[in-house]
Amino acid sequence: MALVADEDALEVIQQQTGDMEQKLAIFIESRSQKLRDAKDKHTAVLHDNKENAEKLRGEIVQTESSTKGALALRQEREAAKSAVEKKITELKGHASSVSAKLQSADAVIAALLEKKRMLIETKRAVGRHESDKTSGLAKSIDLHKKWLGLEFSKREGERLQFIFTKISEQNPDRKYYFTLRVGDDNLYEVTDCAPRVAALSEMVDSLQKSNDFGAFVRRMRIEFKQMSL
């Protein structure tokens, strides 16, 4: 009886052990599956994170590139703006210089016009003076021609030649002469004289000061007369 009871107890223990082993196997399999599922999920998460990280890295690189491009563009724009402002400053300076030159040119033109006007007035005055002087010469010639044996003839270069006769008592027809012109400076000039009068330069200087041509002609006749003696 005792042996049968032991065998029954052993069978019960074996059955219980088998149940426990089966449950343990099921538990282990369940845990293993959960671990595998967790691993797979973790792997998937890591993969997703890696993809996201790569995507984020690409976006960062793209953003940095865009930022660098924007900075470069900004620098280019600032450089262009600086160049334009410099050019504007240069143009303003050039415009100021041109304006000053134009004002200077206007002043020069005005001065030249005034000078031209004065020259025209001077020429007119000289023309009137020369006309008066020529008229005076003609009157002096008429007075002396009859009494002093004086004649005159025109020469090239607006010159007048004055010819004296009745100087020498031995040869009354011998000719003594000098040639005179009035220059652009309104001064008298004796271009030739025969025979040569020693005091001619002094006499011409006196004529410039006095403008007394009659006295000059009389003095020339006196000089020629003394040379004929």
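This passage describes the fold, core, ring pairs, salt bridges and one surface patch of a predicted protein model.

The protein has 229 residues. Its secondary structure comes to 3 helices and 4 strands. Along the sequence, these elements follow the pattern α-β-β-β-β-α-α. Helix α1 covers residues 2–148. Strands β2, β3 and β4 span 159–164, 176–182 and 188–194. Helix α2 runs over 200–210, and helix α3 over 213–228.

Burial was examined across the chain. Of all the residues, 17% count as buried. The protein exposes about 18,000 Å². Carbon and sulfur atoms supply 56% of that area. Contacts along the chain were also counted. Among contacts between residues at least 6 apart in sequence, 34% join residues at least 24 apart.

The largest nonpolar core holds 21 residues. Five of its members touch the most others: Phe164, Phe178, Phe216, Met220 and Phe224. Two or more core residues come from each of β2, β3, β4, α2 and α3. Helix α3 makes the largest contribution, with 5 residues.

Aromatic rings were considered next. The count comes to 8 aromatic pairs. One of them joins Tyr176 and Phe224. The ring centres of Tyr176 and Phe224 lie 5.4 Å apart, and their planes meet at 45 degrees. This pair is tilted. Tyr176 belongs to strand β3, and Phe224 to helix α3. The two residues are 48 apart in the chain, and the pair thus links distant parts of it. Both Tyr176 and Phe224 are buried.

A second pair brings together Tyr188 and Phe213. Their ring centres are 6.3 Å apart. Their planes stand at 20 degrees, so this pair is stacked. Here too, distant parts of the chain are linked. Tyr188 sits in strand β4, Phe213 sits in helix α3, and 25 residues separate them. Tyr188 has a relative accessibility of 5%, so it counts as buried. Phe213 is buried as well, with a relative accessible area of 5%.

Ring pairs also join up into a cluster. Its members are Phe162, Phe164, Tyr176, Phe178, Tyr188, Phe213, Phe216 and Phe224. Some of these names recur from the core: Phe164, Phe178, Phe216 and Phe224 are among the residues that touch the most other core members.

Charged side chains form another group of contacts. Side chains of opposite charge can pair when their charged atoms come close. The whole structure contains 5 salt bridges. Three of them are described here.

One salt bridge joins the side chains of Glu78 and Arg74, at 3.3 Å from N to O. Both residues lie in helix α1. They are 4 residues apart, so about one helical turn separates them. Glu78 is partly exposed, at 44% relative accessibility. Arg74 has 54% relative accessibility and counts as exposed, because the exposed class begins over 50%.

A similar spacing appears in helix α3, where Glu223 and Arg219 are 4 residues apart. About one helical turn therefore lies between Glu223 and Arg219. Their side chains meet in a salt bridge of 3.1 Å, N to O. Glu223 has a relative accessible area of 14%, so it is buried. Its partner Arg219 is partly exposed, at 35%.

Arg181 and Glu189 form a further salt bridge, with an N to O distance of 3.1 Å. Arg181 is partly exposed, with a relative accessible area of 25%. Glu189 is also partly exposed, with a value of 38%.

The surface was then searched for nonpolar patches. Leu24, Phe27 and Ile28 form one such patch. Together they have about 310 Å² of accessible area. Leu24 is found in helix α1. Its relative accessible area is 48%, and it is therefore partly exposed.

Note on methods:
Residues numbered from 1 in each chain as written. Predicted model: local features only at pLDDT ≥ 70, side-chain atom pairs only at ≥ 80, totals over all residues. Heavy atoms only, no water. Patch = residues over 30% accessible without salt bridge, like charges linked within 9 Å, V, L, I, M, F, W, Y side chains within 5 Å. Areas by Shrake-Rupley, 256 points an atom, 1.4 Å probe, with all protein chains shown as cover. Salt bridge = Lys/Arg side-chain N within 4 Å of Asp/Glu carboxyl O. Buried < 20%, exposed > 50% of the residue type's maximum accessible area, 1.4 Å probe, protein only. Core = buried A, V, L, I, M, F, W, Y, C linked by side-chain atoms within 4.5 Å. Contact = heavy atoms within 4.5 Å. Phe/Tyr/Trp six-rings, centres within 6.5 Å; stacked < 30°, edge-to-face > 60°.
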